[in-house]
Amino acid sequence: MSQDTPKIRLKGLRKAFGPKQVLDGVDLDIRAGHSMVILGGSGSGKSVTLKCILGLIPPDEGLIEIDGRDVSRLSRAEREAVNDRIGMLFQNGALFDSLPVWENVCFKLLAQRRISRAKARDKAAEVLAQVGLASSVGDLSPAELSGGMQKRVGLARAIAAEPDIIFFDEPTTGLDPIMGAVIDGLIVDCVKRLGATAVSITHDMASARRIGDDAAMIHRGQIIWRGAAASLGETGNAMVDQFARGEREGPIQMELRK
Ligand SMILES: Nc1ncnc2c1ncn2[C@@H]1O[C@H](COP(=O)(O)OP(=O)(O)OP(=O)(O)O)[C@@H](O)[C@H]1O
């Protein structure tokens, strides 16, 4: 594998649900060790793209490569081995209320018997510290935590198994702006510490600029732009700039009026 091989490559990805062509030839390279933010309107296919990469939805056509290897048609066992190297922070935290925080954090490691229960408590404390939480939080139930703390625990769980790819689904949704910025800072720190490749979906432009190196916009089932996340709002692409600035008037609205 050459140094230039993208960590993730999507080529000609197509997916329809009934008559609805959701992905219509998505091409996207995600650079190893970089953070990519995927933007797009509601229902544009961001989550479907993520689910295709995770192997949760089979694409109708196209290639999904991780480290240069096509992963779109793997056996279940092969797929699980790929997903072992992927961490995920879900939009709603998706913590198990029936388990204490420490078991949530080490869930994957425990399920795969990569760690004993005794060691998992120490491991959870270590990872909780990385997201700014005291080890005592490990003994609480997720239901006892604020939304911001739940996100931190979700982040701790996403990084505990030291994945080399991490997906972030709307990481700041539902948080106040300051907590959103705190979570973004933690995401950047954790991703850097692991040297991981990050892929995020977000509607929050401040967050996109903070956590992204690269950004790409999906529209009508295709990637219509990619560039530096820092340039969002001033990319020179009328659609992307309208979206990033949240303006009512512009090419995207004109299309809706048709
Ligand atoms: N399992 C499914 N069965 C049928 N249609 C689906 C399925 N999953 C997604 N869709 C449709 O695919 C389209 C894209 O959905 P997707 O969840 O990827 O949007 P999104 O870009 O993530 O939107 P949002 O920003 O609102 O979360 C939507 O019209 C949705 O209804």
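This is a short talk on two sheets, a pair of helices and a ligand site in one protein chain.

Hi everyone, and thanks for coming. Please keep in mind that what we are looking at is a predicted model.

Let me start with the annotation. The UniProt record, an unreviewed entry, lists residues 8-245 as "domain: ABC transporter". Across that stretch, 37% of the chain is helix and 26% is strand. The C-alpha atoms at its two ends are 28 Å apart.

Now to the strands. A quick reminder for anyone new to this: strands of a sheet pair through backbone hydrogen bonds, and they do so either parallel or antiparallel.

Take the sheet of 4 strands. In what order do its strands lie? The order is β2-β1-β4-β5, the sheet is open, and the pairing is antiparallel. At the edges we find β2, residues 20-30, and β5, residues 69-70. Each of these has a single partner strand, so one side of each has no neighbour in the sheet.

Let's walk across it, pair by pair. Strand β1 covers residues 8-17, and 8 bridges tie it to β2 in the antiparallel sense. You can trace the pairing on your screen: I8 sits opposite I30 of β2, K15 has L23 as its bridge partner, and A16 faces Q21. β1 and β2 make a hairpin with 2 residues between the strands, and there G18 takes a positive phi near 60°.

On its other pairing, β1 meets β4, residues 61-66, through 5 bridges, again antiparallel. Here R9 is partnered with E65 of β4, and K11 with L63.

Then comes the step from β4 to β5, where 2 bridges join the antiparallel strands. I66 has R69 of β5 as its bridge partner. This is a hairpin too, with 2 residues between the strands, and D67 in the turn has a positive phi of about 50°.

Let's move on to the sheet of 6 strands. What is the pairing here? The pairing is mixed, and the open sheet runs in the order β6-β7-β8-β3-β9-β10. The edge strands are β6, residues 86-89, and β10, residues 222-228; each pairs with a single strand, so one side of each is left open in the sheet. Ignoring direction, neighbouring strands of this sheet are turned by 20° against each other on average.

One pair is worth a look. β6 and β7, residues 165-169, run parallel and share 4 bridges, and L89 stands opposite F168 in β7. Helix α6 packs on the sheet and touches β6 and β7, with its direction at about 175° to that of β6. Helix α1 lies across β3, β7, β8 and β9, running at about 145° to β8.

Staying with α6 for a moment, residues 147-160 make up this helix, and α7 spans residues 177-194. The two pack at an angle of about 10°, with their axes 11 Å apart. Why do we call them roughly parallel? Because angles under 35 degrees count as roughly parallel, and theirs is about 10°, α6 and α7 are roughly parallel to each other. On the α6 side the contact uses G148, K151, R152, L155 and I159. From α7 come M179, I183, L186, I187, C190 and L194. By class, the residues of this contact are 8 nonpolar, 1 polar and 2 charged.

Last stop, the ligand. Which residues are around it? They are F17, V22, G40, S42, G43, S44, G45, K46, S47 and V48. By class, this shell has 3 nonpolar, 6 polar and 1 charged residues. Helix α1, residues 46-53, gives the largest share, with 3 residues. We have met this helix already: α1 is the one lying across β3, β7, β8 and β9. F17 should sound familiar as well, since it is in the shell and β1 covers residues 8-17. V22 is also around the ligand, and β2 runs from 20 to 30.

That's the tour. Have a look at the ligand site on your own screens, and thanks for listening!

Key: Residues numbered from 1 in each chain as written. Predicted model: local features only at pLDDT ≥ 70, side-chain atom pairs only at ≥ 80, totals over all residues. Near = placed C-beta within 6 Å. Nonpolar A, V, L, I, M, F, W, Y, C, P; charged D, E, K, R; others polar. UniProt positions renumbered as here; feature names shortened; annotations may be inferred. Pairing = 2+ DSSP bridges. Axes fitted to C-alpha atoms, helices over the stretch in contact; angles between N-to-C directions. Parallel < 35°, antiparallel > 145°, perpendicular 65-115°, else oblique. Contact = placed C-beta atoms within 7 Å.
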